[in-house]
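Please look through the sequence and the structure shown here before reading on. The report that follows goes through the model one region at a time, and it may help to find each residue as it is named.

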Amino acid sequence: DELQQKGDKTPYAQILAETKQRDKQDSERAIAPLKQAADAVLLMTYEWGYTYGPPMAVAPVPSVRRVLDYAVGRIDPKKIFMGIPTYGYDWPLPYERGATRATSLSNVQAVDLARSAGAAILYDETAEAPYFFYTAPDGTAHEVWFEDARSIAAKLALVQEYGFRGVGYWNLDRPFPQNWTVLGGSFRIAY
């Protein structure tokens, strides 16, 4: 109702942030006017691994898939842009809840760090994300999770599988050449 009462033609977005769990009926009531009024929706499908959380993939595919499954049950897939991260995190170890703070880094920085530390880059087949361990010069152990061509390809495959309108990236100010190569090979890019 509030969206229809505005009366002006100024484009705007209304963003709802909830801190408590909503019941299904309440959730449906909140989503209904937004899905009708919106031409498109960008889903935030990342930030499972985050600055203050435990070390893990930023956008593990099983978690991403749960968000997508929920969304397509409520919003036309042709309106959906899937959000994709272009960054990773470097956690000092051991992780201590409430005390450990990860540092955000670009995917290129992550690869450079692995190379300079002599760390082997591993790949989690479940999360579909690369990671590695290294020891800093001060003796602190670290765990790093980031994105690479394989993880981006896995996420872009979901866009095609679900029939989404496209993708949206978070943090384009960080170089990520592998992404553009995979994206350009998978989709027609509209400028």
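## Backbone angles out of the ordinary

Glutamate 128 counts as partly exposed, because its relative accessibility is 27%. This residue belongs to a predicted model, and its place there is in the loop between β5 (122–124) and β6. Although glutamate 128 is not a glycine, its phi is positive, at about 55 degrees. A second glutamate, at position 47, also has a positive phi, in this case near 90 degrees, and it is found in the loop between β1 and α3. With a relative accessibility of 25%, glutamate 47 counts as partly exposed.

Another feature of the backbone concerns a peptide bond, namely the one from leucine 93 to proline 94, which is cis, with omega near 0 degrees. Proline 94 lies in the loop between β3 and β4. These features are worth pointing out because most residues other than glycine have a negative phi, and most peptide bonds are trans.

## Confidence in the model

Over the protein chain the mean pLDDT is 85, and 85% of the residues reach 70 or more. Residues 1–21 are a stretch where pLDDT stays under 50, and for this stretch the model has 11 contacts beyond four places in sequence. Where pLDDT is low, the predicted coordinates should not be read in detail.

## Helix α3 and its buried face

Helix α3 covers residues 61–72, which makes 12 residues, and from its first C-alpha to its last it reaches 16 Å, close to the 16 Å expected at 1.5 Å a residue. Which residues of α3 are buried? They are Val61, Ser63, Val64, Leu68 and Ala71. When α3 is seen down its axis, these buried residues fall within an arc of 160 degrees, so they line one face of the helix. Among the elements that cover them are β1 (41–43), β2 (80–85) and α5 (149–162).

One of these buried residues, leucine 68, can be followed further, for it touches Leu43, Thr45, Met82, Leu158, Tyr162 and Phe164 when residues up to four places away in sequence are not counted.

## The nonpolar cores

The largest nonpolar core has 34 residues, and those that touch the most other members are Leu68, Met82, Trp145, Leu156, Leu158 and Phe164. At least two residues of this core are supplied by each of β1, α3, β2, β3 (87–92), β6 (129–135), α5 and α6. Helix α5 gives the largest share, 6 residues. Apart from this core lies another, of 9 residues, including Leu105, Ala110, Ala119 and Phe132.

## Strand β7 and its partners

Strand β7 (residues 141–145) has 4 of its 5 residues buried, so it is largely enclosed by the rest of the structure. What lies beside this strand can be described through its bridges. It runs antiparallel to β3, to which 4 bridges join it, and proline 92 stands opposite histidine 142 in β7. Strands β6 and β7 also run antiparallel, and they are joined by 5 bridges; here tyrosine 131 has tryptophan 145 in β7 as its bridge partner. The hairpin of β6 and β7 has 5 residues between the strands, and in this hairpin glycine 139 takes a positive phi near 95 degrees.

## Helix α6 and the loop before it

In α6 the buried residues are Asn179, Val182 and Leu183. Seen down the axis of α6, they fall within an arc of 100 degrees, so they line one face of the helix. These buried residues pack against α5 and β8, whereas on the other side of α6 the residues Pro177, Thr181 and Gly185 are exposed.

Is aspartate 173, in the loop between β8 (166–170) and α6 (177–186), buried or exposed? Aspartate 173 counts as exposed, because its relative accessibility is 65%. Its C-alpha atom and that of tyrosine 87 are separated by 10.0 Å, while the two residues are 86 residues apart along the chain.

## A buried serine in β4

Serine 106 is placed in strand β4 (residues 103–106). With a relative accessible area of 3%, serine 106 is buried. Leaving aside residues up to four places away in sequence, serine 106 touches Thr86, Arg174 and Pro175.

Terms used:
Residues are numbered from 1 along each chain as its sequence is written. This is a predicted model: local features need pLDDT of at least 70, side-chain atom pairs count only at pLDDT 80 or more; totals for chains, interfaces and linings use all residues. Side-chain values use heavy atoms; hydrogens and water are left out. The expected span of a helix is 1.5 Å times one less than its number of residues. Buried means under 20% relative accessible area, exposed over 50%, partly exposed in between (1.4 Å probe, protein chains only). The arc is that of the directions from the helix axis to the C-beta atoms. Contact means heavy atoms within 4.5 Å. pLDDT is the predictor's confidence in each residue, from 0 to 100. A nonpolar core is a set of buried Ala, Val, Leu, Ile, Met, Phe, Trp, Tyr and Cys residues joined through side-chain atoms within 4.5 Å. Two strands pair if DSSP finds at least two bridges between them.
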